[in-house]
Amino acid sequence: MIKFLDLNKSNKKYENQLKKEFSDFLDSGYYILGEGVGKFEKEFAEYCGTKHCIGVANGLDALTLIFRGYIELGLLKEGDEVIVPGNTYIASVLAITENKLKPIFVEPNPNTFLIEAEEIKNSISSKTKAILVVHLYGQLVDVASIKNISKDLLIIEDSAQAHGAINRDKLKAGNVGNASGFSFYPTKNLGALGDGGAVTTNNLELAEVILKLRNYGGLVRNNNELKGINSRLDDIQARFLSVKLSDLENQNIRRREIAEMYITEIKNINVLLPYWDLSANHVFHQFVIKSEKRNNLQRYLLENGVQTDIHYPIAITKQKCYSEYSDLDLPVTFELHDNILSLPIYPELLDEEVNIVVKLINNFDLDL
Ligand SMILES: *Cc1c(COP(=O)(O)O)cnc(C)c1O
């Protein structure tokens, strides 16, 4: 069986270093906001090229706290509109609605899966205050062109799938907008051994507010300036993340190597490959193909020993919790949700295994 993901294999490589970190952590006696968090925040800010990084409990909190931070700073208020792709993970939208802001769903380019300036322009109203760009599947949104059409709008990045993606101007995910949310959920390109997340930004005021919000609204014990929450990055996870961050570049290179194999070798007129310019602006958190016979293809691959997945099978506006948006017509988004299929692309996947997947897909017949 070729697994869709093999987290045990992924983390086993770092076994000795992870065990050493745990041992140091145990000995330290500080289990919340100890040395590990500050060290990782510094390293991750440096990696992303930003001035600030604030560790939080998970990716959803990172995004939610960015919007909350801007509300505290007076730059956003209840009812303001935030543009967001129709085809994203639900966390992107929850971060908006949790803050009583209004999501405005925009259709993506069906070849890149990403939102673009032209489509966004048509959705901007006098109430629009921010754009949440999602670097979906690991590929950077072209933020430079979006900035040209939206000079007064905040650009917030959902970088949960794009750790390390870098554009032509050498800017990394997390450093192309005003602020960015990252997730370190175990399956992400940079994954902890539990939950974790972070905010990156170059804005000192925002960084300071989020630093307070994540820890009951204050920096000094028993001094609560804001009605904060408890959303701290776990110290042991921060230590594990420091270990894995040092190998992230290699991991992303291997993901791109596998993507290139898929792109050059998959040849089947019933299967559409994702657009990629072969640059490092993609870190292939997912390798997503399209087929009108997606369900048949998925079943055929599984019967032949290959696990795949779908990111994501149901559009957000069709989820029960967002029934108020159930009448929205988003044909591009809906078609994607019906046709997409994610192939295995974790760095530990062997070339032989990639070749097996390629051969199976090339032999896939619509009648199967
Ligand atoms: C994983 C993910 C999140 C949420 O991260 P959690 O750590 O699971 O809260 C947000 N947005 C996107 C695009 C994601 O893939």
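This short talk walks through a seven-stranded sheet, the helices around it and one loop residue in a predicted model.

Before I start, a word on conventions: because this is a predicted model, local features need pLDDT of at least 70 and side-chain atom pairs count only at pLDDT 80 or more, while totals for chains, interfaces and linings use all residues. Residues are numbered from 1 along each chain as its sequence is written, and side-chain values use heavy atoms, with hydrogens and water left out.

Let me begin with the sheet. Seven strands form an open sheet in the order 1-7-6-5-4-2-3, with mixed pairing; here two strands pair if DSSP finds at least two bridges between them, and helices (H or I, at least four residues) and strands (E, at least two) are DSSP runs numbered from the N terminus. Strand 1 (52-56) and strand 3 (102-106) stand at the edges, each with a single partner strand, so one side of each has no neighbour in the sheet. From one strand to the next, the twist averages 20 degrees.

Now to strand 4, residues 128-134. Six of its seven residues are buried, so strand 4 is largely enclosed by the rest of the structure; buried means under 20% relative accessible area, exposed over 50%, and partly exposed in between, with a 1.4 Å probe and protein chains only. Strand 4 runs parallel to strand 2 (residues 81-85), joined by three bridges, and Glu81 has Thr128 as its bridge partner. Strand 4 also runs parallel to strand 5 (residues 154-158), this time through five bridges, with Val134 partnered by Asp158.

Which strands does helix 4 lie across? Helix 4 lies across strand 1, strand 2, strand 4, strand 5, strand 6 (179-183) and strand 7 (197-201), and runs at about 160 degrees to strand 6; axes are lines fitted to C-alpha atoms, for helices over the stretch in contact, and angles run from 0 to 180 degrees between N-to-C directions. Helix 8, for its part, lies across strand 1, strand 6 and strand 7, at about 20 degrees to strand 1.

Helix 4 (residues 59-72) also packs on helix 5 (residues 90-97), at an angle of about 30 degrees and with the axes 8 Å apart. These two helices are therefore roughly parallel, the term for angles under 35 degrees. On the helix 4 side the contact, meaning heavy atoms within 4.5 Å, is made by Leu60, Leu63, Thr64 and Phe67, and on the helix 5 side by Ala91, Ser92, Leu94, Ala95 and Ile96.

A second helix pair is helix 10 (residues 248-265) with helix 13 (residues 351-362), which pack at about 30 degrees with their axes 10 Å apart. Among the residues that meet there are Arg254 and Glu265 in helix 10 and Asp351 in helix 13.

In helix 12 (residues 331-339), Thr333, Phe334, Leu336, His337 and Asn339 are buried, and the buried residues of this helix pack against strand 8 (287-290), helix 11 (294-303) and strand 9 (340-343).

I will finish with Arg232, in the loop between helix 8 (204-213) and helix 9 (235-245). Arg232 is partly exposed, at a relative accessible area of 22%. Although Arg232 and Val37 are 195 residues apart in sequence, their C-alpha atoms are 9.0 Å apart. Leaving aside neighbours within four places in sequence, the contacts of Arg232 include Ile32, Leu33, Gly55 and Tyr216.

Note on methods:
Parallel < 35°, antiparallel > 145°, perpendicular 65-115°, else oblique.
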